[in-house]
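Reader: I should like to learn how to read helix packing, strand pairing and burial from a set of coordinates. Might we work through one case together?

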Amino acid sequence: MVVDDEALVRSGFELILNAADGIQVVATAEGAQAADVIRREQPDVVLLDIRMPDVDGLTVLRELQTLPEPPTTAMLTTFDTDEYVLTALRSGAAGFLLKDTEPEQLAHLVRTLAAGGVVMSPKASRALLRSHPGADAPQVAEDVARVKLLTDRERDVLVLVAEGLSNADIGTRIHLSAGTVKDHVSSILTKLRVAGRVQAALLAERAGLLSDEGADTARGNGR
């Protein structure tokens, strides 16, 4: 489902996605109608405009998070450093898409979301955190300490989670079954004390795990 206040964006995304194999846009809506339509249609994935004049995307996102089975929701935005994006990611969004995403990439990103992946490049997350760090030195130190609790394999999995890969894609990359990857992800979320993959990726970025120098720091004194 596509939620945006601009009819051109809704119709454009609908046209592109309906032409892709295995994807059906079950509905489109403006912000004020979004929550009711989502409850009725029960889409697997929602693309939600983060800035709308009637009801903003953050309000809709928070309402969706109260549902018994909330859909996987990614925010639509014009700028990858939008100040609201980081708030949305911390509020349960599974990532974000730029409205000028190339048509051939759009279906791939939606499939990634449907498979449980994260749609958020490490480059974009670094830009967001530099602009809106949201953590003081003690918090960063705590994040690094929690990352150090991870095993080497769990750190490998976390980096791939932050790259946006689904469990199946991570398994293919590092030669593990999807079930084993799922177990690793569950352990990672527990050790990092976060609720979802995006929050884990943001914490790993803040702890420096996604840079070579930071990864060495997060590993501690050796393997």
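**Strands, burial and helix packing**

Author: Let us begin with a pair of residues in the sheet: Leu 48 stands opposite Met 75 in S4. The model is a predicted one, and the protein has 12 helices and 5 strands.

Reader: In which sense do S3 and strand S4 pair, and over how many bridges?

Author: S3 and S4 (residues 72-77) run parallel, and 5 bridges connect them. Strand S1 (residues 2-3) is also joined to S3, by 2 bridges and in the parallel sense. There Val 2 stands opposite Leu 47 of S3.

Reader: How should one read the side chains along a strand?

Author: In a regular strand the side chains alternate between the two faces of the sheet. In S3, Val 45, Leu 47 and Asp 49 point one way, while Val 46 and Leu 48 point the other way. These residues are all buried, on either side.

Reader: What does that imply for the surroundings of strand S3?

Author: S3 (residues 45-49) has 5 of its 5 residues buried, so the strand is largely enclosed by the rest of the structure. As background, 48% of the 223 residues of the protein count as buried.

Reader: Does the same reasoning carry over to a helix? How many residues of H11 are buried?

Author: The count is 9 of the 10 residues, so H11 is largely enclosed by the rest of the structure. The buried residues include Arg 197, Gln 199 and Glu 205 as well as Val 198, Leu 202 and Leu 203. Just after H11, Gly 208 takes a positive phi of about 90°.

Reader: Which helices pack against H11, and how does one describe their geometry?

Author: One gives the approach of the axes, then the crossing angle, then the residues in contact. For H10 (residues 178-192) and H11 (residues 197-206), the axes come within 10 Å and cross at roughly 60°. That angle makes H10 oblique to H11. The crossing of H10 past H11 is left-handed.

Reader: Which residues make the contact of H10 with H11?

Author: From H10 come Val 185, Leu 189 and Leu 192, and they meet Arg 197, Ala 200 and Leu 203 of H11. By class, this contact has 5 nonpolar residues, no polar ones and 1 charged.

Reader: At what angle do the axes of helix H4 and H11 cross?

Author: The axes of H4 (residues 83-90) and H11 cross at roughly 120° and come within 8 Å. H4 and H11 are therefore oblique to each other. Leu 86, Leu 89 and Arg 90 of H4 make this contact with Val 198, Gln 199, Leu 202 and Arg 206 of H11. The residues divide into 4 nonpolar, 1 polar and 2 charged.

Reader: Let us take one residue of that contact. Is Gln 199 buried or exposed?

Author: Gln 199, which lies in helix H11, has a relative accessible area of 18%. The cut-off for burial is under 20%, so Gln 199 is buried.

Reader: With which residues is Gln 199 in contact, leaving aside its neighbours within four places in sequence?

Author: Gln 199 is in contact with Leu 89, Arg 90, Gly 92 and Val 194. Leu 89 and Arg 90 belong to the H4 side of the contact described above.

Reader: How may one place such contacts in the protein as a whole?

Author: One may examine how far apart in sequence the partners lie. Among the contacts in the protein with a separation of 6 or more, residues 24 or more positions apart account for 66%.

Conventions:
Residues numbered from 1 in each chain as written. Predicted model: local features only at pLDDT ≥ 70, side-chain atom pairs only at ≥ 80, totals over all residues. Heavy atoms only, no water. Axes fitted to C-alpha atoms, helices over the stretch in contact; angles between N-to-C directions. Helix = DSSP H or I, 4+ residues; strand = E, 2+ residues; numbered from the N terminus. Parallel < 35°, antiparallel > 145°, perpendicular 65-115°, else oblique. Left-handed = near helix turned anticlockwise from the far one by under 90°. Contact = heavy atoms within 4.5 Å. Nonpolar A, V, L, I, M, F, W, Y, C, P; charged D, E, K, R; others polar. Buried < 20%, exposed > 50% of the residue type's maximum accessible area, 1.4 Å probe, protein only. Pairing = 2+ DSSP bridges.
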